[in-house]
Amino acid sequence: MNSETILPLALFIPLLSAFFIALNDGRPDWREGATLLGSLLLLGVVFSLLPAVATGARPTVDLLEFAPDLPLRLSVEPLGMTFACVAALLWPLNSLYSIGYMRGNQEQHQTRFYICFAIAIASTIGIAFAGNLLTLFIFYETLTLSTYPLVTHKGTEEAKQAGRLYLGILVGTSISFLLLAIVWTWVVAGTLEFAPGGILAGKIDGPLVNVLLALYMFGIGKAALMPFHRWLPAAMVAPTPVSALLHAVAVVKAGVFSVLKVIVYVFGIDFLKDTGASSWLMWVAALTVLLASFVALTKDNLKARLAYSTVSQLGYVVLGAALATSMGVIGGSMQIVMHAFGKITLFFCAGAIYTAAHKTEVSQLDGLGRAMPFTFGAFLIGALSIIGLPPLGGSWSKWYLLVGAADAEQWALMAVLLLSSLLNVAYLLPVPARGFFAAAPAGGAAQIPIREAPLACVVPLCLTALGCLWLFFQADSLYALLAPITVR
Amino acid sequence: MTEHLPVLQVVVPLIAAPLCALLRPGRAVWLLAMATCALCLLIAALLLDRVLAQGVISYAMGGWPAPWGIEYRVDAANAYMLLIVAAIGAVVMAFARTVVEQRIRLPASKQPWFYATYLLCLTGLLGMIVTGDAFNVFVFLEISSLSSYVLISIGRDRRALTAAYQYLIMGTIGATFILIGIGFLYVMTGTLNMADLAARLPAVADTRTVRAAFAFLTIGISLKLALFPLHLWLPNAYAYAPSAVTAFLAATATKVAIYVLLRFFFTIFGAQFSFGTMRLDAILLPLALAGIFSASVVAIFQTNVKRMLAYSSVAQIGYMILGISLVSVTGLTAAISHLFNHALMKGTLFMALGCVSFRIGAVSLDRMAGVGRIMPWTMGAFVIGGLSLIGVPMTAGFVSKWYLILGALERGWWPVALLVLFTSLLAVVYIWRVVETAYFQPAPEGRATGEAPLALLVPTWALALANLYFGLDTSLNAGVARRAAEALLGVGP
């Protein structure tokens, strides 16, 4: 089979999986089987596309025609390939983890949960492989809608409020800014294709470039650029597997991925560099990075702290894109991968702690690490990767971002990046430190027995932690894959 | 046989209506009505197919050639409208049987009259679309209006009577104005045939009589299509009519009035006179914007969900008028496409509400608490219809929104585009109020439970799925709409 025939499968496998999950409502084992099988098939399909794309092929399939010269198009290029690989790699692990978590906590409406999850994955793949802005927008909105029932899963008043904020910000920004920006692009450029070097150069100039860029950047609310970031902490009311895969990987990465796509393939970094239109964006991103880190410091709730950490780390990607240099863009793209593995590990750990010990606050974790050594060990690895220390994957993305900032001669931004790494240390490392070194609360026995979460929870988090390590050694091949994206 | 399709489109329901009234109460009446509606749909589909393949069809009534005889003239615009009305007529008829038998305060012996009136209404609507004769439009307008007053008045709530009366008064004023307008045109040109009128009018265009005719027609048609601020009859009429009637009228009646507006202003007067000389767009644009904004805001504060959707309809009519007032191919495409898409979404929503009221007897917001758990399929359809109303991608509503914003930006009307986007957020608010109530609030104790019967669910879901289908395959709702727009503006092939 060639790549063109395989490509639509990547979209339809999760949807089919959702269908079979729905059919097996009353049979939990079959239902979870459908999830796992679907996720493994998707993994196979996505990785079978990789060799062709790495050697320069750009498989493209038109699904149907939305308007004259405006098809619904799937097309694979290195950036989308990278994003799809991350999602496809982490879905099976997350499914395994979900099974342990949802059963361990006896959650309600599990069938609905798995259906929405599979649809969300299909939307993510759709975003990753979108061949033009319209296709991207369509799957972007589907992703918002399919994750709404997951955010409000508990059905409580708190979940309802969080759902309002979630939908309000994501739909509000995408309809009022992003859609407007897309139609505007269509009117001035006459095309919505993602083309190397961009489609807008020469079609629009002056301050309007800034306006259009702002519409895109704030329209992509999933990138959580301040001040449109509040939906992400609110979404933490969802069950932890949702926070882990969707709100650390799929949804937010769909946001920053869209930012990269727009900057690289719609504006084109040369065009942005020439007009200087993205310089304000650098500062908004830098401010997001720092402010979110400071907020994270103040949060005692573990998931809330991780959520603000995510907001801050997403700022890195936008920052890399806004630098409008090849290294910045590559650093930003790598950050998508590295942060995904690191952050999903941290969320898995937070969920495992909740499942095993029903602890949600950082201040409750004293001494717990000795009871849950694997979980806290994995947390330490994930945290170090996010901070950016070798030999973990995160060090490479930080490195390329620093190189990108140096290329653009933005010394102040380099200082921001370094300061932010210190802040990461300050808010992430207390968790394993308390777990391993602090004395257990009064009355605790001297010898704490090992009491980990269910195996289905612990195995995935160990694997993702190992993944952080593995990625450190994969930087070369990742760089080779991503290098062509900024070449015209 | 096939050359008689234009007249069969009207004659078939016209003959079936009295037959229904003559039949004894029972299933046979519904079967006859249903078969008639299905046949109408088939004829409409065949007509559209032929028009797209061969171009304009002209049919001389009784063999009298135009302009002396009555001409039925079918082009892309009205073939497309015929399909909308016939399709909604058929789907809602499938839905109506259960509603009529169990939910309308009508003794069994009178039930055949419901079907007869429904078919008469359908006849009127189809006739207004298919005819190429200005006076004929008025005749069919009266047929459809009179039967719709009757249909509204048989709602369970006694306020339906005053609502129907209100509509009767406003509708009659509108129809009278239209008649006066047509009369003036006849005085000046001596013809009633639309094509003939279009040919003769330019010679006498610069007279006070023609301008007065233009004004009378504008106001009369605006009353019928419920253009803000002439929309006051609509919310009550929609809120208190039986659900099947609301679904049918909301999806067709105002749309046909908009079609009449298009026909008069683009075909008979011509875009140059209507929008160049008379500057109609300068009147329509602010009214459309005010209607979109105010009705959307009012909808947010309604507690009766049916009434809320009625106000939403006023806002949606504003979108269509906005598209028209852009006076460009893209703008008209948006308007005509929205005729179709809005019929789909409002049909779905009102039928889903019909399912709800069938089970729990009311559609006020507080009574709908927890319905999402009890009636998952019904509320599923409601959510799809609601998403389409908001204009989420992959639903039909997105198609019209896309063209509307595109049209506004092509003209460089930034504030208009922003207002369209902003008001679709208002739609999010009023739809999501219902969704939250239905899914997050617990159902009161002792509520009769259970999903609506299949006879109601199947038509509802048929339209819901159509919302999704036409959101992706836009060859009909945008492709044909574009051809219709080009035909009306007299550009393109």
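Modeller: The radius of gyration used here is taken over C-alpha atoms, and the globule rule is 2.2 Å times the number of residues to the power 0.38. This is a predicted model, in which local features need pLDDT of at least 70, side-chain atom pairs count only at pLDDT 80 or more, and totals for chains, interfaces and linings use all residues. Residues are numbered from 1 along each chain as its sequence is written, while chains are lettered from A and ligands numbered from 1 in the order in which they are written.

Colleague: What radius of gyration does chain B have?

Modeller: The value for chain B is 21 Å, which agrees with the figure near 23 Å for a compact globule of 493 residues. Its C-alpha trace spans about 70 × 55 × 40 Å along the principal axes.

Colleague: How many helices and strands does chain B have?

Modeller: Chain B has 20 helices and two strands. Both are DSSP runs numbered from the N terminus, with helices being H or I of at least four residues and strands E of at least two.

Colleague: What percentage of the residues in chain B are buried?

Modeller: Buried residues account for 61% of the 493 in chain B. A residue is buried if 20 or more other C-beta atoms, placed from the backbone, lie within 10 Å of its own, exposed if 12 or fewer do, and partly exposed in between.

Colleague: Why does Leu262(B) count as buried?

Modeller: Leu262(B) is buried because it has 23 C-beta neighbours inside 10 Å. This residue lies in helix α10 (residues 243-268) of chain B. Setting aside neighbours within four places in sequence, Leu262(B) is in contact with Ala77(B), Ile324(B) and Leu488(B). Contact requires C-beta atoms, placed from the backbone, to lie within 7 Å.

Colleague: Turning to the nonpolar core, how many residues has the largest one?

Modeller: The largest nonpolar core has 402 residues, and those with the most contacts inside it include Val318(A), Leu319(A), Tyr80(B) and Leu82(B). Such a core is a set of buried Ala, Val, Leu, Ile, Met, Phe, Trp, Tyr and Cys residues joined through C-beta atoms within 7 Å.

Colleague: Where does this core lie with respect to the domains of chain A?

Modeller: Domain 1 (1-257) and domain 2 (278-488) of chain A both give residues to the core, so it lies between them. These bounds come from an automatic or database domain assignment. The C-alpha centres of the two domains are 22 Å apart, and their contact takes 43 residues from domain 1 and 44 residues from domain 2. On the domain 1 side, α3(A) supplies the largest share, 15 residues.

Colleague: And how many residues of chain A are in contact with chain B?

Modeller: There are 21 residues of chain A in contact with 20 residues of chain B. The largest share on the chain A side, twelve residues, comes from α6(A). By class, that side has 15 nonpolar, four polar and two charged residues. Ala, Val, Leu, Ile, Met, Phe, Trp, Tyr, Cys and Pro count as nonpolar, Asp, Glu, Lys and Arg as charged, and the others, Gly among them, as polar.

Colleague: Finally, do β1(A) and β2(A) run parallel or antiparallel?

Modeller: They run antiparallel, joined by six bridges; two strands pair if DSSP finds at least two bridges between them. The two form a hairpin with two residues between them, and Asp69(A) in the turn has a positive phi of about 60°. One of the bridge pairs is Ala67(A) with Leu70(A).

Methods. Two residues are in contact if their C-beta atoms, placed from the backbone, lie within 7 Å.
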